[in-house]
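Here is a friendly walk through one chain, meant to be read with the model open beside you. Please take a moment to look at the sequence and the fold before reading on.

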Amino acid sequence: MSDAKRRVAEAAAELVEPGMRLGLGTGSTAALFIEALGRRVADGLDLPPAAATSRASEDAARRAGIAIIDMMGPDAPAELDLAIDGADEADPRLSLIKGGGASLLREKIVEALARRFVVIIDESKVVEQLGAFPLPVEIVPFGWASTAHLIRSRLGVEPQLREARGEVLKTDNGNFILDLPFGTIADPEATARTLAGIPGVVEHGLFIGMASEALVSDGQNVRRLTPA
Ligand SMILES: O=C(CO)[C@H](O)[C@H](O)COP(=O)(O)O
């Protein structure tokens with residue numbers, strides 16, 4: 001699917017106009033977008049500093065010659081023109097599961113600022129119902145097992161603490177990730193509400209009503225999807 005990722009990344013880079021305030025996503029598709037955007041910047045496209053959704057994307061943007069906003073400082077923006085990011089699943093309403101790359105919190109903060117949020121995905125990510133991809137949830141380390149118990153009892157799913165290279169994965173924010181293997185999420189809004197009401201949950205990877213459109217590729221063509 002790397003041809004598909006490259007095609008949507010390049011199509012997304014063409015959406016960028018001079019002066020646009022951008023949000024830069026995270027993951028392998030977003031990384032290809034950042035590279036493609038960097039080529040346009042090298043060709044003279046003039047952009048103000050962009051908001052990156054992870055340390056990895058900050059580094060990728062700097063390597064590509066794209067200036068970055070200090071999102072920890074007082075100049076973090078109130079609005080962005082366009083955010084571009086990948087996703088793990090998208091349903092016909094363009095509700096998304098995100099966070100496979102553990103960056104869902106920064107992604108949600110940045111993408112909530114965007115007047116237009118374009119999702120770039122390959123065909124394998126388009127689903128009728130969300131949930132085959134385990135739903136990532138960012139939680140604070142304090143009491144993580146208690147938070148997992150509450151999630152289990154309120155949602156009937158067995159949370160898995162995410163590890164990387166044999167250690168508990170820590171997000172860019174110093175938090176942990178629980179992956180929730182639902183199989184099917186019958187009511188994403190209700191699931192989102194339940195998770196938001198559990199102490200210790202910082203944010204979940206359901207992005208509902210946020211995406212304006214999706215660019216989807218099978219490796220040959222790129223089609224545009226809007227929320228059903
Ligand atoms: O949500 C994300 C990171 O937190 C990514 O956008 C998502 O995991 C898709 O990644 P990729 O483009 O590598 O398939």
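In which loop is asparagine 221 found? Asparagine 221 sits in the loop between β14 (213–217) and β15 (222–225). Please keep in mind that this is a predicted model. With 10 C-beta neighbours inside 10 Å, asparagine 221 counts as exposed. Its C-alpha atom is separated by 8.9 Å from that of valine 8, although the two are 213 residues apart along the chain.

**Two domains**

The domain assignment splits the chain into domain 1 (2–126 + 208–225) and domain 2 (135–200). Taken over C-alpha atoms, the centres of domain 1 and domain 2 are separated by 24 Å. In the contact between them, twelve residues of domain 1 meet eleven residues of domain 2. On the domain 1 side, α4 gives the most, with three residues. Sorted by class, that side of domain 1 has five nonpolar, five polar and two charged residues.

**Helix α2 and what surrounds it**

Let us turn to α2 (28–42). Does its length agree or disagree with 1.5 Å a residue? The 15 residues of α2 should span 21 Å at that rise, and its end C-alpha atoms are 21 Å apart, so the two values agree. Just after α2, glycine 44 takes a positive phi of about 115°.

Many residues of α2 are listed as buried: Thr29, Ala30, Ala31, Leu32, Phe33, Ile34, Ala36 and Leu37. The elements that cover these buried residues include α1 (2–13), β1 (22–24), α3 (55–63), β3 (80–85) and β6 (114–122). Isoleucine 34 offers a detailed view: leaving aside neighbours within four places in sequence, isoleucine 34 is in contact with Leu24, Ser57, Ala60, Ala61, Ala64 and Ile66.

Which residues have the most contacts inside the largest nonpolar core? They are Ala12, Leu24, Phe33, Ile34, Val119 and Ile120, in a core of 58 residues. The largest share of this core, seven residues, is supplied by α2. Domain 1 (2–126 + 208–225) and domain 2 (135–200) each contribute at least three residues to this core.

**The ligand shell**

How many residues surround the ligand? There are 18, and the closest are Gly27, Thr29, Gly86, Gly100 and Gly101. Both α2 (28–42) and α4 (104–111) supply at least two residues of this shell. The largest share comes from α2, with three residues. By class, the shell around the ligand divides into four nonpolar, ten polar and four charged residues. Helix α2 thus appears in two settings: three of its residues belong to the ligand shell, and seven belong to the largest nonpolar core.

**Two positive phi values outside glycine**

Most residues other than glycine have a negative phi. Alanine 102 has a positive phi of about 70° although it is not a glycine, and arginine 165 has one of about 50°. Alanine 102 is found in the loop between β5 (96–97) and α4, while arginine 165 lies in the loop between β9 (163–164) and β10 (167–168). Is each of them buried or exposed? Alanine 102 is buried, because 26 other C-beta atoms lie within 10 Å, and 20 or more is the mark for that class. Arginine 165 counts as exposed, because it has 5 C-beta neighbours inside 10 Å, and the limit for exposed is 12 or fewer.

**Two buried residues and their surroundings**

Isoleucine 185 lies in the loop between β11 (176–180) and α6 (188–196), and it counts as buried with 24 C-beta neighbours inside 10 Å. Not counting neighbours within four places in sequence, isoleucine 185 is in contact with Gln129, Leu130, Gly131, Leu135 and Thr191.

Alanine 114 has its place in strand β6. With 23 other C-beta atoms within 10 Å, alanine 114 is buried. Beyond residues up to four places away in sequence, alanine 114 touches Gly23, Leu80, Leu82 and Ala83.

The table sets out C-alpha separations for three pairs.

| Pair | Apart along the chain | C-alpha separation |
|---|---|---|
| Isoleucine 185 and glycine 131 | 54 residues | 5.0 Å |
| Alanine 114 and aspartate 70 | 44 residues | 17 Å |
| Asparagine 221 and valine 8 | 213 residues | 8.9 Å |

Definitions and conventions:
Residues are numbered from 1 along each chain as its sequence is written. This is a predicted model: local features need pLDDT of at least 70, side-chain atom pairs count only at pLDDT 80 or more; totals for chains, interfaces and linings use all residues. A residue is near a molecule or strand if its C-beta atom, placed from the backbone, lies within 6 Å of it. Helices (H or I, at least four residues) and strands (E, at least two) are DSSP runs, numbered from the N terminus. Ala, Val, Leu, Ile, Met, Phe, Trp, Tyr, Cys and Pro count as nonpolar, Asp, Glu, Lys and Arg as charged, and the others, Gly among them, as polar. The expected span of a helix is 1.5 Å times one less than its number of residues. Two residues are in contact if their C-beta atoms, placed from the backbone, lie within 7 Å. Domain bounds come from an automatic or database domain assignment. A nonpolar core is a set of buried Ala, Val, Leu, Ile, Met, Phe, Trp, Tyr and Cys residues joined through C-beta atoms within 7 Å.
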